[in-house]
Amino acid sequence: FYSADYLKQVREICDKHGVLLILDEIATGFGRTGEWFGCNHAGISPDIMCLGKALTGGYMTMGATIATDEVAYGVSGGIDSNSSVPLMHGP
């Protein structure tokens with residue numbers, strides 16, 4: 001788990017250069033660090049966050065990827081919630 005200062009600096013660098021910040025909260029999410037997510041210690045929000053493990057309390061394997069509206073609209077091919085299409089994968 002990275003220090004709060006480090007995470008703040010990484011967020012600033014990503015913002016400055018127009019780079020998406022992706023955080024993997026699979027091992028640190030859902031209260032494992034004393035906050036709901038590790039990034040909460042730094043008071044930042046990622047553009048994309050990967051989650052897993054604790055989603056099902058260990059009953060089954062499940063993961064999730066969440067994103068900001070801007071990223072979600074870009075991935076789905078839409079410019080807003082009225083024109084976007086679902087992100088499809090697989091056959």
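I66 counts as partly exposed in this predicted model, at 44% relative accessibility. Strand β3 holds this residue. Beyond its neighbours within four places in sequence, I66 is in contact with D47, I48, M49 and L51. L51 lies 15 residues from I66 along the chain. The C-alpha atoms of the two residues are separated by 7.9 Å.

Two of these partners, M49 and L51, also belong to the largest nonpolar core. That core has ten residues in all. Its other members are L7, C14, L21, L23, F37, C39, A42 and I44. Helix α1 and strand β2 each supply at least two residues of the core. In soluble globular proteins, nonpolar side chains tend to be buried together.

C39 is one of the core residues. Residues up to four places away in sequence aside, C39 touches L7, L23, E25, I44, P46 and M49. Among these partners, L7, L23, I44 and M49 are themselves core members.

R11 is found in helix α1, which spans residues 4-17. The relative accessible area of R11 is 10%, under the 20% limit, so the residue is buried. The R11 side chain makes a polar contact with the side chain of D47, at 2.9 Å. D47 is also in contact with I66. Apart from residues up to four places away in sequence, R11 touches V19, L21, I44, S45, P46 and D47. Of these, L21 and I44 belong to the largest nonpolar core. I44 and P46 are also touched by C39.

On the surface, L55, Y59, M60 and M62 make a nonpolar patch of about 490 Å². L55 sits in the loop between β2 (48-52) and β3 (63-67). Its relative accessible area is 32%. This value lies between the 20% and 50% limits, so L55 is partly exposed.

Over the whole protein chain there are two helices and three strands. From the N terminus on, the elements run α-β-β-β-α. The chain has 91 residues, and buried residues make up 25% of them. The accessible surface comes to about 6,500 Å². Carbon and sulfur atoms account for 57% of that surface. Among contacts between residues at least 6 apart in sequence, 38% join residues at least 24 apart.

Technical notes
Residues numbered from 1 in each chain as written. Predicted model: local features only at pLDDT ≥ 70, side-chain atom pairs only at ≥ 80, totals over all residues. Heavy atoms only, no water. Helix = DSSP H or I, 4+ residues; strand = E, 2+ residues; numbered from the N terminus. Buried < 20%, exposed > 50% of the residue type's maximum accessible area, 1.4 Å probe, protein only. Contact = heavy atoms within 4.5 Å. Areas by Shrake-Rupley, 256 points an atom, 1.4 Å probe, with all protein chains shown as cover. Patch = residues over 30% accessible without salt bridge, like charges linked within 9 Å, V, L, I, M, F, W, Y side chains within 5 Å. Salt bridge = Lys/Arg side-chain N within 4 Å of Asp/Glu carboxyl O. Polar contact = N/O pair within 3.5 Å; in protein donor to acceptor, adjacent residues only side chain to side chain. Core = buried A, V, L, I, M, F, W, Y, C linked by side-chain atoms within 4.5 Å.
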